[in-house]
Amino acid sequence: MTEPAPSEKKTDDAEEPQPTLLEQMGGVSGLIYSSVPVIVFVLANSFFGLTAAIWTSIGSAVAIAVLRLVRKEPLQPAISGFFGVAIAAFIAYRTGSAKGFFLFGIYASLIYCGIFVLSVVVRWPIAGVVWNMLNGTGQAWRRDKPSRYGYDIATLAMALIFAARFVVQRWLYQEDYTGWLAFAKIAMGYPLYALGLLVVVWAVRRSDKRLKALAEAEPAPETDAQVEARLREKYAQAPDA
């Protein structure tokens, strides 16, 4: 059996390109799919009532998951979206009010905001923890104060987004503006999340640049041969006892 050519080996062993920020969020289709159940719920509630709105929103979430499966697209956004819609629909059913559909997301934003702020207080900013854990880059970023401060800023930016979601949508909920609640949920969803991730990307690049510069400035560790040669030279220069 002949060996493959070196060029073929290089092609086979080449690393797959990392997904872009938009691809990690589900792509353009993910931005659209996330809005469909909300729009379907509001329209169905306006024309056919709450019960129809609940079932059509769940049905649309199921249809999106099936469509992603058929098209061999990432299923994780569709699955998490389905469970989110199912919980929201259940709350709307239990409260007997259309605006209850948005209650889960409102208080989830408040909880997320608190968790992000707390992570900064205890000096384990979530933006840095999650990014470096997923990329297996260790804890060097925590030992470098400027790197940690950058991740603090990114984490607080995400906390601010969740706080804004809670304040605005909670007010709309209290005022019974169900239609505007739907608009706010969509407008303050992926678009704001993308802005927050831009701050995270800034923090990541800033930290990576600093850690690389620090690593290059450190002296390279001695090899065994270098240590042995240094010891021989030391003992050779030592006066006889």
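User: Hi! Which residue just after α6 takes a positive phi?
Analyst: Hello! That is G96, with a positive phi of about 70°. Keep in mind that this is a predicted model.

User: Thanks. Let me step back, then. How many helices and strands does the chain have?
Analyst: It has 13 helices and zero strands. Read along the sequence, the pattern is α-α-α-α-α-α-α-α-α-α-α-α-α.

User: And what share of the chain is buried?
Analyst: Of the 241 residues, 32% count as buried.

User: What about contacts between residues 24 or more positions apart?
Analyst: Taking the contacts with a separation of 6 or more, residues 24 or more positions apart account for 65% of them.

User: Back to α6. How many residues does it have, and how far does it reach?
Analyst: Helix α6 has 20 residues and spans 29 Å between its first and last C-alpha. That is close to the 28 Å expected at 1.5 Å a residue.

User: Which of its residues are buried?
Analyst: In α6 the buried ones are P77, A78, V85, A88, A89, I91 and A92. Looking down the axis of α6, these buried residues fall within an arc of 160°, so they line one face of the helix.

User: What is on the other side of α6?
Analyst: There you find the exposed residues Q76, F83, F90, Y93 and R94.

User: And what do the buried residues of α6 pack against?
Analyst: They pack against three helices: α4 (36-48), α5 and α7 (103-121).

User: Let's take α5 from that list. At what angle do α5 and α6 cross?
Analyst: The axes of α5 (residues 50-70) and α6 (residues 76-95) cross at roughly 170° and come within 9 Å. The two helices are therefore roughly antiparallel to each other.

User: Which residues make that contact?
Analyst: From α5 there are L50, I54, S57, I58, A61, V62, I64, A65 and R68. From α6 there are P77, A78, F82, V85, A89, A92 and Y93. Sorted by class, the contact has 14 nonpolar residues, one polar and one charged.

User: Nice. Switching to α4 and α11, how do those two pack?
Analyst: Helices α4 and α11 pack at an angle of about 175°, and their axes are 10 Å apart. This pair is therefore roughly antiparallel too.

User: Which residues meet there?
Analyst: V38, I39 and V42 of α4 meet A182, K185 and I186 of α11. By class that contact has five nonpolar, no polar and one charged residues.

User: Which residues of α11 are buried?
Analyst: In α11 (residues 178-187) they are T178, L181, A182 and A184. They cover an arc of only 165° around the axis, which puts them on the same side of α11.

User: So what covers them, and what sits on the face turned away?
Analyst: The cover includes α4, α7 and α10 (145-174). The face turned away from the buried side carries W180 and F183, both exposed.

User: Since α10 came up, where does Q169 lie, and is it buried or exposed?
Analyst: Q169 lies in helix α10. Q169 is buried, with a relative accessible area of 5%.

User: What is Q169 in contact with?
Analyst: Leaving aside neighbours within four places in sequence, Q169 is in contact with I106, L181, A184, K185 and M188. Two of those names, L181 and A184, are also among the buried residues of α11.

User: How about A164? Where is that one?
Analyst: A164 is in helix α10 as well. A164 is partly exposed, at 30% relative accessible area. Its C-alpha is 9.2 Å from that of L110, and these two residues are 54 residues apart along the chain.

User: Last topic: where are A194 and L214 found?
Analyst: L214 is found in helix α12 (residues 190-217), and A194 is found in α12 too.

User: Buried or exposed?
Analyst: Each falls in between: L214 counts as partly exposed at 38% relative accessibility, and A194 counts as partly exposed at 24%.

User: How far apart in space are A194 and M158?
Analyst: They are 9.9 Å apart, C-alpha to C-alpha, with their positions 36 residues apart in sequence counted as separation. As for L214, its C-alpha is separated by 9.4 Å from that of D144, which is 70 residues apart from it along the chain.

Note on methods: Residues numbered from 1 in each chain as written. Predicted model: local features only at pLDDT ≥ 70, side-chain atom pairs only at ≥ 80, totals over all residues. Heavy atoms only, no water. Axes fitted to C-alpha atoms, helices over the stretch in contact; angles between N-to-C directions. Helix = DSSP H or I, 4+ residues; strand = E, 2+ residues; numbered from the N terminus. Parallel < 35°, antiparallel > 145°, perpendicular 65-115°, else oblique. Contact = heavy atoms within 4.5 Å. Nonpolar A, V, L, I, M, F, W, Y, C, P; charged D, E, K, R; others polar. Expected span 1.5 Å × (residues − 1). Buried < 20%, exposed > 50% of the residue type's maximum accessible area, 1.4 Å probe, protein only. Arc of directions from axis to C-beta.
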